[in-house]
Amino acid sequence: MVNGHPLTYLDSGATSQNPISVMEAEQEYYEQRNAAVHRGAHTLAVEATEVFEEAREKVAAFIGAQTDEIVWTSNATEAINLLAYSFSNASLGLGGPSARRFSLGAGDEIVVTEMEHHANLIPWQQLALRTGATLRFIPVLDDGTLDLLAAADVVGSHTRLLAFTHGSNVTGTINPVAELVALARKFGALVVLDACQTVPHLPVDVKALDVDFAVFSGHKMLGPTGIGALYGKADLLADMPPFLTGGSMITTVDMAHAEFLAPPQRFEAGTQRISQAIALAAAVDYLSETGMDRVAVWEAQLGQRLVAGLAEIPGVRLLGPGAGADRLGLAAVDVAGVHAHDVGQFLDDAGIAVRVGHHCAQPLHRRLGVTASTRASTYLYNTTDEVDLFLATLAEVAPFFGVSTGANR
Amino acid sequence: MSDLQQLYQTIILEHSKARHGAGELTPLAEAVELGAASGLRVAESHQINTTCGDEVTLRVSLGSDDETVTELVWTGEGCSISQASASILTDTLRGLNTTEARALLDNFREMLRSRGKIEPDEEILGDAAAFGGVSRYPARVKCAMLPWVAFEAALIEAESH
């Protein structure tokens, strides 16, 4: 219960709620198998290592990757930073001749898009600052989709890296991965896919998408916080220098040098997020048993119901493409004359949890002419009744704040 | 009155639209120079609420001799609480001396941070007492405090001139 009402949770784009099986998996691990993995020969350590690596296998299979192509990270943000710092280290000459393909310098270009979450923007800004490379971006059109004509001009022979989101966390737009990958391939650029908003909601096959790297977070896909993953093509990961260094990622060490393990261990320094990995695997089991096709169909229905309903509310502007367009089950809106923070407060009073603010995408909001918006994001557990309650409550916002919508109400 | 109506009292909603004291800010260096010529110490502070992006820039003009807050001008954008707070601050603090203004600010802050335990004192706070409902919403206290924090910082700056 929230504020005297049953909770209507429409903030899964930020973080999802967890099934009992996920919480039990974490508890079972601590009760039955807790030990450090990849070290120690005692029975518990062996069992812990087994379940930890089984979790990797499950998560890899879930996105169509090979097991050793999944690197555990704290979240997607850390996964992108891992890439950026590995490339940064390659630019300093670390990793030897085979790492040169990741080395950046003056004249090289990193391309992102104007709709990126800050997590897929700032690490690249910083990488550009460290290496002297130039950061460019593919602009967004008025309707919130990527300007693909402009993309063909932005991506060119200087482009070394193209990083973009699979699905926008603000507009719900699903980007044309194949087209962008083809563009990058033409110039031999590496492709990084931010799959935070798609791996939890759609069937995603990284091999079919043919991206070089992809990142996602566990807590957005029914899993716990503190775990995410980097997918990288095996041959690329094999050539990358490490980011974090220390225990568990080396073969031989003397006082001046260290030799590193093969991926994924090379990128997993220190004691790992064992219980979280196991709980994330339980989340993946839950999603697989439900069927990602069914999840996608259900959320597409909720998404269409959302945008169709929003179009009926006077004074409410949907950010991004409207009904009919292929979209995720989320929608961000601007309510004329009422700040998003006030909209969110009004909804919270009715027990409805939504996200307000810029959703870590300030450039996109600026591009769409607003500083903040109110976002409702659904997941497999949401119902049409919840969407309807959100819509009905949102319709009461402007009258409460004394804003005239110009409609006869 | 529901909690929500307590939070969004009519006076707050009115001030969020009326925006007393809001206006274009001339370049600061110009204003400082112009103020100095007429015996005023001018300073400003820009505050941002990183959780929601609310922004307020508040400019204070302080008498050189008598320590009076003679003028307050601000620009900003954000939620109704932050904008109404800037508007009410302007009405409340203009004309007070710095000691009075600081005492009022301290009272306002203490009331806001009390999680609803301290009833606002209308005698002291005037219209700013309307923010009493905000103190039950810890996430919104920053919104109401934003212009007051800007005032506090600008005042210190003006006094250093």
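**Two chains, one predicted model**

Let's start with how chain A is wired: take its contacts between residues at least 6 apart in sequence, and 70% of them join residues at least 24 apart. Keep in mind that this is a predicted model.

So what is chain A built from? It has 14 helices and 15 strands. Its radius of gyration is 22 Å, close to the 22 Å the globule rule gives for 409 residues, so chain A is as compact as a globular protein of that length. If you'd like a box around it, the C-alpha atoms fill roughly 80 × 55 × 35 Å along the principal axes. And of those 409 residues, 51% are buried.

Okay, over to chain B. Here we've got 7 helices and 3 strands. Walk along from the N terminus and you go through three helices, then three strands, then four helices. For 161 residues, a compact globule would have a radius of gyration near 15 Å, and chain B agrees because its own value is 15 Å. The box for its C-alpha atoms, again along the principal axes, is roughly 50 × 30 × 25 Å. Buried residues come to 44% of the 161 in chain B. As for its contacts with a separation of 6 or more, 63% come from residues 24 or more positions apart.

Last bit: where the chains meet. How many residues does each chain bring to the contact? Chain A gives 13 and chain B gives 11. What's on the chain B side that touches chain A? There you find 6 nonpolar residues, 4 polar ones and 1 charged.

Conventions. Residues are numbered from 1 along each chain as its sequence is written. Chains are lettered from A and ligands numbered from 1 in the order in which they are written. This is a predicted model: local features need pLDDT of at least 70, side-chain atom pairs count only at pLDDT 80 or more; totals for chains, interfaces and linings use all residues. Helices (H or I, at least four residues) and strands (E, at least two) are DSSP runs, numbered from the N terminus. The radius of gyration is taken over C-alpha atoms; the globule rule is 2.2 Å times the number of residues to the power 0.38. A residue is buried if 20 or more other C-beta atoms lie within 10 Å of its own, exposed if 12 or fewer, and partly exposed in between; C-beta atoms are placed from the backbone. Two residues are in contact if their C-beta atoms, placed from the backbone, lie within 7 Å. Ala, Val, Leu, Ile, Met, Phe, Trp, Tyr, Cys and Pro count as nonpolar, Asp, Glu, Lys and Arg as charged, and the others, Gly among them, as polar.
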